[in-house]
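This report covers the metal sites, one strand and its neighbours, and the domain layout of the structure shown below.

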Amino acid sequence: MKILRVALDVPLDTLFDYSSGEAGDVPPGARVLVSFGRRKMVGVVAEITEHSDLPPERIKPVLRVYDDAPLAGEILRLLRFCADYYHHPLGEVVLNALPVALRQAKAAAPARAECYRLTAAGEAIGDSELPARAAVKRKLLQALKLAGTLTRAEIAALSPRALPAVKDFVASGWAEEGGLTDPAPAAVPASPPPPLTPAQDQAVSAILSQPGRFQVWLLHGITGSGKTEVYLRVIGQILQNGGQVLVLVPEINLTPQLEGRFRARFPHLAQVSLHSRLSAGERLRNWRLAQSGRARIVLGTRLALFTPLPGLALIVVDEEHDGSFKQQDGLRYSARDMAVARGKQAGVPVILGSATPALESWYNARSDRYRLLELPDRAVAAAVLPAIRCIDTGRERLADGLSEPLIAALRACLERGEQSLVFINRRGFAPVMRCGQCGWISTCHRCSSRLVVHLRDRRLRCHHCGHESRIPPACPDCGNADLAPIGQGTQRLEETLAGLFPAARILRVDRDSARRKEALPAMLERIHAAEVDIVVGTQLLAKGHDFKNLTLVGVVNADGALYSADFRASERLFAQLMQVAGRAGRDVLPGEVLIQTQFPTHPLFQALIRHDYAGFAQSLLAERRQAGFPPFCHQALLRAEAGQLDTALAFLKKARAVAPADFDVTLFDPVPAQMARLAGKERAHLLVQAASRSVLQAFVGKWDQALTGLGGNVRWALDIDPLEF
Ligand code: ADP
Ligand code: ZN
Ligand code: ZN
């Protein structure tokens with residue numbers, strides 16, 4: 001009898017044995033329905049064996065085998081590697097890789113047509129042949145003629161009555177169900193690619209010189225150097241021989257513009273995107289197109305990494321340094337690192353692209369584990385890097401957060417009819433409310449953080465846990481009625497600028513103004529259309545966007561991270577400022593960047609002024625080597641969370657006591673997390689370091705077992721290669 005070892009979405013690190021029953025041959029990776037306790041659950045067959053430790057009478061047959069074989073060999077291997085590496089239950093890892101619709105026990109409904117297209121008979125119908133009152137049918141007919149194939153979702157979006165109408169079309173023989181069809185070739189011709197710059201050409205040739213094998217290429221190119229063009233060229237060549245390409249981006253907001261560039265270049269290739277903003281139906285459809293090999297380009301955020309791709313031929317990770325590639329809860333994986341693991345397993349090249357690579361990646365390139373490719377100049381011949389200057393706020397007086405030189409530069413920019421961006425990484429009106437009498441400040445009672453002033457809605461908000469309250473009419477401690485917002489936020493800056501430049505068109509771009517689903521694309525559109533003179537924006541705007549008329553960037557208040565306790569803070573600040581600065585002068589107009597700081601001579605700013613990533617990375621690496629931080633060691637963090645800090649710390653002390661001996665690892669003392677209190681929970685952690693990754697892995701594997709059952713009412717989790725402390 002064949003035993004199916006089934007992965008289930010339960011927090012137990014084991015597989016569960018079932019027999020195939022009457023199902024006969026079941027392939028590994030198959031989705032099955034099983035009874036588990038009193039429930040019915042969907043699971044995935046992870047292994048098939050001959051023996052079970054259970055007595056035969058306790059082995060139940062699977063209730064049902066779905067025939068969509070979702071997780072064929074390659075991806076199952078990756079998921080297993082991921083579960084092992086992050087010490088996370090395999091069942092949770094495997095089931096999380098499936099779209100929600102496939103995780104549920106209700107009968108799968110793949111029979112429903114997903115797309116429709118016109119038949120020859122339908123194509124032949126003129127608009128006037130439909131009666132004028134059949135407006136929905138007319139609209140549908142026109143849309144199908146234009147698009148070739150429409151999905152259910154697209155049809156439903158035309159009108160609530162469009163889905164019944166398309167069924168009428170099918171009944172009349174005018175339309176047919178397309179199932180999972182490739183998108184019809186677009187009518188627009190592919191835009192001709194620009195001739196490559198010599199540096200781009202070298203990069204493309206290098207990567208294409210060994211297409212069919214694993215190699216990580218670190219593409220280090222300054223902002224605007226044409227990294228995307230390198231991806232496009234390599235992809236175009238590789239896909240000529242069939243196959244699929246996976247492209248990962250850190251942020252959902254970057255997908256539309258990249259999708260657009262890919263579609264314009266490869267209108268004949270089916271492309272799908274995968275990210276959390278899709279509906280469950282869209283996600284399932286796109287996932288199936290990828291899994292069946294039909295989608296040739298799969299573009300998505302970190303969750304797209306676990307999509308089965310039978311023809312995988314290349315992986316691209318854009319902005320590889322970005323922290324969003326690391327998931328911060330549940331399975332705390334790094335999609336960048338797992339992309340490299342996937343490339344290795346599949347034997348395909350991996351391109352990691354960035355203007356400011358993660359120090360880990362840079363170090364790997366320097367030590368020849370990765371191959372380094374450099375794009376040192378901007379791709380548009382006339383575009384030069386912006387001139388970066390620091391404004392010493394120790395000397396200049398600030399009026400509502402703005403220095404005179406920055407105000408003058410903004411004025412000059414306005415007079416030239418060009419756009420400027422004022423960057424500040426704090427949304428809201430002001431970071432905190434303060435009482436001048438007794439020193440009370442607005443703090444969140446659930447977190448170790450301050451409540452941000454949102455003056456427009458007269459509210460105080462915690463940006464960590466979401467708690468909000470009214471702005472109190474008087475100080476809660478001393479009754480003083482004269483409370484003042486302290487410091488700058490995007491809203492206050494917007495107000496100040498409006499006062500200084502009443503004729504300027506000012507647009508604020510932050511999470512608050514972009515809350516609606518369509519708001520950000522619409523705002524970007526307005527900037528592109530030159531309907532905006534001054535943009536006040538947070539990091540939401542810092543990445544990837546290419547505004548041709550933007551020539552001035554002002555950075556307000558970037559000093560917070562300079563002397564942070566987090567050893568990665570300066571690496572992040574440098575990357576962020578480089579990104580922001582990169583928004584200026586991307587086309588023929590020269591750009592200028594002004595940074596207001598109290599520390600103009602700080603090495604970070606000095607390197608930034610020279611546009612010297614390599615030099616800065618070198619000095620950071622020297623610091624890290626001396627301090628014994630990553631990449632010169634490997635880290636794991638045991639995180640604990642409880643109602644009381646003492647409870648969490650006591651658990652960590654116990655955990656330290658049961659740590660297996662005989663491993664060459666360093667265990668630090670339990671300490672409160674940098675943000676000790678979050679959403680009413682107290683958090684602490686214990687750091688483990690080792691010089692060798694495999695020693696650390698072996699240690700954590702044993703430790704993990706020893707920790708089982710030790711938690712009591714403490715929630716704990718292991719975080720391998722942690723980024724946040
Ligand atoms: P990056 O991804 O490195 O920031 P992009 O690929 O977005 O850079 O390129 C920046 C700009 O340069 C874009 O407007 C792009 O169309 C243009 N560009 C890229 N490569 C070339 C080239 N070889 N010749 C002319 N323009 C180019
Ligand atoms: Zn007071
Ligand atoms: Zn809070």
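A crossover is called right-handed if, with the strands pointing away from the viewer, the path from the first strand over the helix to the second runs clockwise. In this predicted model, strand 13, helix 12 (residues 335-346) and strand 14 make a right-handed β-α-β unit.

Strand 14 has parallel partners. It pairs with strand 13 (residues 312-318) in the parallel sense over four bridges, and Val316 stands opposite Ile351 of strand 14. Strand 9 (residues 215-221) also pairs with strand 14 in the parallel sense, over six bridges. Here Gln215 has Pro349 of strand 14 as its bridge partner.

Is strand 14 buried or exposed? Six of the six residues of strand 14 (residues 349-354) are buried, so the strand is largely enclosed by the rest of the structure. In a regular strand the side chains alternate between the two faces of the sheet. In strand 14, one side carries Pro349, Ile351 and Gly353 and the other Val350, Leu352 and Ser354; all of these are buried, and both faces are covered.

The zinc sites are listed next.

| Ion | Protein donors | Distance | Angles among the four donor atoms | Spacing |
|---|---|---|---|---|
| zinc ion (ligand 2) | Cys435 (SG), Cys438 (SG), Cys475 (SG), Cys478 (SG) | 2.3 to 2.4 Å | 104 to 112 degrees | C-x2-C-x36-C-x2-C |
| zinc ion (ligand 3) | Cys444 (SG), Cys447 (SG), Cys462 (SG), Cys465 (SG) | 2.3 to 2.4 Å | 105 to 112 degrees | C-x2-C-x14-C-x2-C |

For the zinc ion (ligand 3), the site is tetrahedral. Among its donors, Cys444 and Cys465 link distant parts of the chain, 21 residues apart. Cys444 lies in the loop between strand 20 (432-435) and strand 21 (452-454), and Cys465 in the loop between strand 22 (459-461) and strand 23 (468-470). Both Cys444 and Cys465 are buried.

The site of the zinc ion (ligand 2) is tetrahedral as well. Ideal angles at a metal are 109.5 degrees for four tetrahedral donors. Two donors of ligand 2 can be set against the burial cut-off, under 20% relative accessible area. Cys475 counts as buried because its relative accessibility is 4%, whereas Cys478, at 39%, counts as partly exposed.

At the level of the whole protein, the division is into domain 1 (3-103), domain 2 (115-178), domain 3 (198-375), domain 4 (387-430 + 487-622) and domain 5 (634-720). The centres of domain 2 and domain 3, taken over C-alpha atoms, are separated by 36 Å.

Technical notes: Residues numbered from 1 in each chain as written. Chains lettered and ligands numbered in written order. Predicted model: local features only at pLDDT ≥ 70, side-chain atom pairs only at ≥ 80, totals over all residues. Heavy atoms only, no water. Donors = N, O, S within 2.8 Å, 3.2 Å for Na, K, Ca; no water. Tetrahedral: all angles 85-135°; square planar, octahedral: opposite > 155°, others 65-115°. Buried < 20%, exposed > 50% of the residue type's maximum accessible area, 1.4 Å probe, protein only. Helix = DSSP H or I, 4+ residues; strand = E, 2+ residues; numbered from the N terminus. Pairing = 2+ DSSP bridges. Domains from an automatic or database assignment.
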